[in-house]
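Dear colleague,

I am passing on the structure we spoke about, and below it you will find notes on two places in it that I looked at.

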Amino acid sequence: MLDITNLWLFSLSVLLLSVTPGPDMAYVVGQSVVNGRRAGVISATGVALGSCTHAIASVVGLTALISTSPLMFTLVKYMGAVYLMYLGGKMLIGSFSSKAADSENPAPRKMQADLSSLLSKGFITTLTNPKVILFFISFFPQFVTPNGEHHAASFLVLGMVYALIGFMTDATFAILAGGAAGAVSQNRMLQRLLDRIVGTAFIGLGIRLALTRRI
């Protein structure tokens with residue numbers, strides 16, 4: 001018997017959190033619009049794998065360690081911020097450098113996104129997000145009986161529920177956003193514009209992430 005209480009309220013809260021714009025959703029939607037639904041769903045899978053890793057880390061105590069250690073928290077925070085700004089900067093630079101090649105290479109960029117790259121980027125984006133760590137530490141304990149005997153299993157189950165709901169939400173947005181991929185892939189100017197918008201958003205999210213403080 002698990003020590004989980006009010007699972008329905010937990011699930012509802014996670015759903016509301018999942019539909020809130022953030023680095024994960026920005027990455028998934030951006031990939032889906034530019035590279036198609038498949039790329040968006042694969043990116044969502046990478047994000048979900050990152051959430052599962054957070055769940056396992058919370059069970060063994062690593063999440064609590066990072067949250068309570070100023071050095072570890074700062075390290076993870078800046079790693080995530082730098083990575084987001086790197087992705088954003090790469091998209092911005094690519095949008096400007098692609099102008100000269102437009103007339104010579106009109107093929108869609110959809111095939112440039114490979115499975116391992118999409119998975120790893122989604123995984124790292126979530127893994128290095130300190131807000132997810134803080135969420136696991138501050139929110140999850142509210143739904144586990146304090147004096148229960150199955151804390152580890154309960155935290156793991158909640159973590160998997162969190163990852164599943166997050167994946168379903170991200171995949172839904174990916175499928176919806178992917179409807180525009182066909183038009184985008186045929187319009188180089190629109191591709192560049194979207195790359196600049198998403199790239200700028202990633203840089204902004206990275207800066208905001210760098211300014212995150214421990215609770």
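Which backbone oxygen lies 2.7 Å from a polar atom of the side chain of Thr125? In this model, which is a predicted one, that oxygen belongs to Lys121.

Thr125 itself is located in helix H6, which spans residues 115–127, and because its relative accessibility is 3%, below the 20% under which a residue is called buried, Thr125 counts as buried. Once the neighbours within four places in sequence are left aside, the residues in contact with Thr125 are Pro23, Asp24, Tyr83, Leu84 and Leu87. Another pairing across the sequence concerns Gly46, which is 79 residues away from Thr125 along the chain, although the C-alpha atoms of the two are separated by 8.8 Å.

The second place is a pair of helices. The axes of helix H7 (residues 130–138) and helix H8 (residues 151–178) come within 12 Å of each other and cross at roughly 135°; since that angle falls neither over 145 degrees, where a pair would count as roughly antiparallel, nor between 65 and 115, where it would count as roughly perpendicular, H7 and H8 are therefore described as oblique to each other. The crossing in which H7 passes H8 is right-handed. On the H7 side the contact is made by Val132, Phe135 and Phe136, while H8 contributes Phe155, Gly159 and Tyr162. Sorted by character, the residues of this contact comprise 5 nonpolar and 1 polar, with no charged residue among them.

With best wishes

How values were computed. Residues are numbered from 1 along each chain as its sequence is written. This is a predicted model: local features need pLDDT of at least 70, side-chain atom pairs count only at pLDDT 80 or more; totals for chains, interfaces and linings use all residues. Side-chain values use heavy atoms; hydrogens and water are left out. Axes are lines fitted to C-alpha atoms, for helices over the stretch in contact, and angles run from 0 to 180 degrees between N-to-C directions. Helices (H or I, at least four residues) and strands (E, at least two) are DSSP runs, numbered from the N terminus. Angles under 35 degrees count as roughly parallel, over 145 as roughly antiparallel, 65 to 115 as roughly perpendicular and the rest as oblique. A crossing is left-handed if the near helix is turned anticlockwise from the far one by less than a right angle, and right-handed if clockwise. Contact means heavy atoms within 4.5 Å. Ala, Val, Leu, Ile, Met, Phe, Trp, Tyr, Cys and Pro count as nonpolar, Asp, Glu, Lys and Arg as charged, and the others, Gly among them, as polar. Buried means under 20% relative accessible area, exposed over 50%, partly exposed in between (1.4 Å probe, protein chains only). A polar contact is a pair of N or O atoms within 3.5 Å; within protein, one must be able to donate a hydrogen and the other to accept it, and residues adjacent in sequence count only if both atoms are side-chain atoms.
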